[in-house]
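New to this one? Here's a quick briefing to help you find your way around.

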Amino acid sequence: MTLRTILEFPDPRLRTRAQPVTRFDAGVERLIDDMLETLYDAPGIGLAATQVDVHQRLIVIDVSQAHNEPLVLINPQILVLEGETSTEEGCLSVPGIFDTVKRAARIRVRAQARDGTVFERECADLLAVCVQHEMDHLEGKLFVDHLSNLKRERIRKKLDKERKTRSRRRATAARSAL
Ligand code: NI
C-alpha cells in the first residue's frame with residue numbers, strides 16, 4: 001500500500017468531475033487500499049478519489065472511533081434525502097479549516113462494493129453528512145463552496161500564507177543541512 005498525496009484547495013484539479021468506475025480490477029483494489037491507508041494516516045473520516053487526483057467515482061469512509069469499519073462506495077447515488085442538520089465540517093483538502101454546513105440528516109445511498117456488487121445503505125448523523133461531503137468532491141465541489149464568497153476568499157488567503165511559510169521553512173532547513 002502507498003500513501004497518496006492529497007490535493008489542497010484551491011488546486012484546480014479538485015474541480016474535476018469524476019467518471020464512473022466501469023472495471024473492478026486490480027487497479028481499483030489498489031486505489032481503495034491506498035486511499036484507506038491515506039485516510040487513516042491523515043487521519044480523517046472520509047476521502048474521495050478526486051482528492052488524490054484520481055477522477056473516478058469512488059469514496060472511502062470510516063467514522064468509527066477504532067478505525068475498523070471502512071465503508072467503500074463506488075459509483076454512489078443518493079436515493080433519498082431527509083431532514084436537515086448543521087455540522088461543523090472540515091476537509092483533508094482544506095487543512096485546519098472548520099465551518100458549519102447544512103445538509104440532509106438522513107440519506108439512502110446506492111453504491112457498488114469493491115467487487116462490483118450493488119448495495120443500498122441507510123445513513124444518519126455524521127455518516128450521512130460524510131457521504132454527502134465526499135460525494136460533493138466527485139462533482140468537483142468542496143465544503144467551502146457552501147460558505148459565503150467572502151469566507152472562502154479568506155480561507156484561500158490563509159492557506160496560501162501557511163503554504164508559503166511551510167516552504168520557506170523547508171528552504172531554510174535545506175540550507176542549514178549543507
Ligand atoms: Ni473533503
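What follows is a short tour of the metal site, the helix that feeds it and the sheet beside it.

Keep in mind that this is a predicted model. Two things are worth finding first: a nickel ion held by Cys91, His133 and His137, and an open sheet of five strands. Helix H2 ties the two together, since His137 sits in that helix and H2 also lies across strands of the sheet.

**The nickel site**
- Three protein atoms act as donors to the nickel ion: SG of Cys91, NE2 of His133 and NE2 of His137.
- These donors lie 2.1 to 2.3 Å from the metal.
- Along the sequence, the spacing of the donor residues reads C-x41-H-x3-H.
- Cys91 and His137 bring together distant parts of the chain, as they're 46 residues apart.
- To spot Cys91, look in the loop between strand E4 (85–89) and strand E5 (99–103).
- Are these two donors buried or exposed? Cys91 has a relative accessible area of 10% and His137 has 0%, so with the cut-off for buried set at under 20%, both count as buried.
- Residues three or four places apart on an α-helix point the same way, because there are 3.6 residues a turn.

**Helix H2**
- H2 covers residues 125–138, which makes 14 residues.
- From first C-alpha to last it reaches 21 Å, close to the expected 20 Å.
- Most of this helix is covered up, with 12 of its 14 residues buried.
- Among the buried residues are His133 and His137, along with Leu127, Val131 and Met135.
- Just past the end of H2, Gly140 takes a positive phi of about 80 degrees.

**The sheet**
- Reading across the five strands, the order is E1-E2-E3-E6-E7, and the pairing is antiparallel.
- Strand E1 (46–48) and strand E7 (118–124) form the edges, each pairing on one side only.
- On average, neighbouring strands are turned by 40 degrees against each other, ignoring direction.
- Strand E2 (residues 58–61) and strand E3 (residues 71–82) pair over four bridges.
- Within that pair, Ile59 stands opposite Leu73 of E3.

**Helices on the sheet**
- Helix H1 (residues 26–41) packs on the sheet and touches E1, E2 and E3.
- The direction of H1 makes about 40 degrees with that of E2.
- H2 lies across E1, E2, E3, strand E6 (106–112) and E7.
- Relative to E2, H2 runs at about 150 degrees.

Conventions:
Residues are numbered from 1 along each chain as its sequence is written. This is a predicted model: local features need pLDDT of at least 70, side-chain atom pairs count only at pLDDT 80 or more; totals for chains, interfaces and linings use all residues. Side-chain values use heavy atoms; hydrogens and water are left out. The expected span of a helix is 1.5 Å times one less than its number of residues. Buried means under 20% relative accessible area, exposed over 50%, partly exposed in between (1.4 Å probe, protein chains only). Donors are N, O and S atoms within 2.8 Å of the metal (3.2 Å for Na, K and Ca); water is not among the atoms, so sites may look incomplete. Two strands pair if DSSP finds at least two bridges between them. Axes are lines fitted to C-alpha atoms, for helices over the stretch in contact, and angles run from 0 to 180 degrees between N-to-C directions. Contact means heavy atoms within 4.5 Å.
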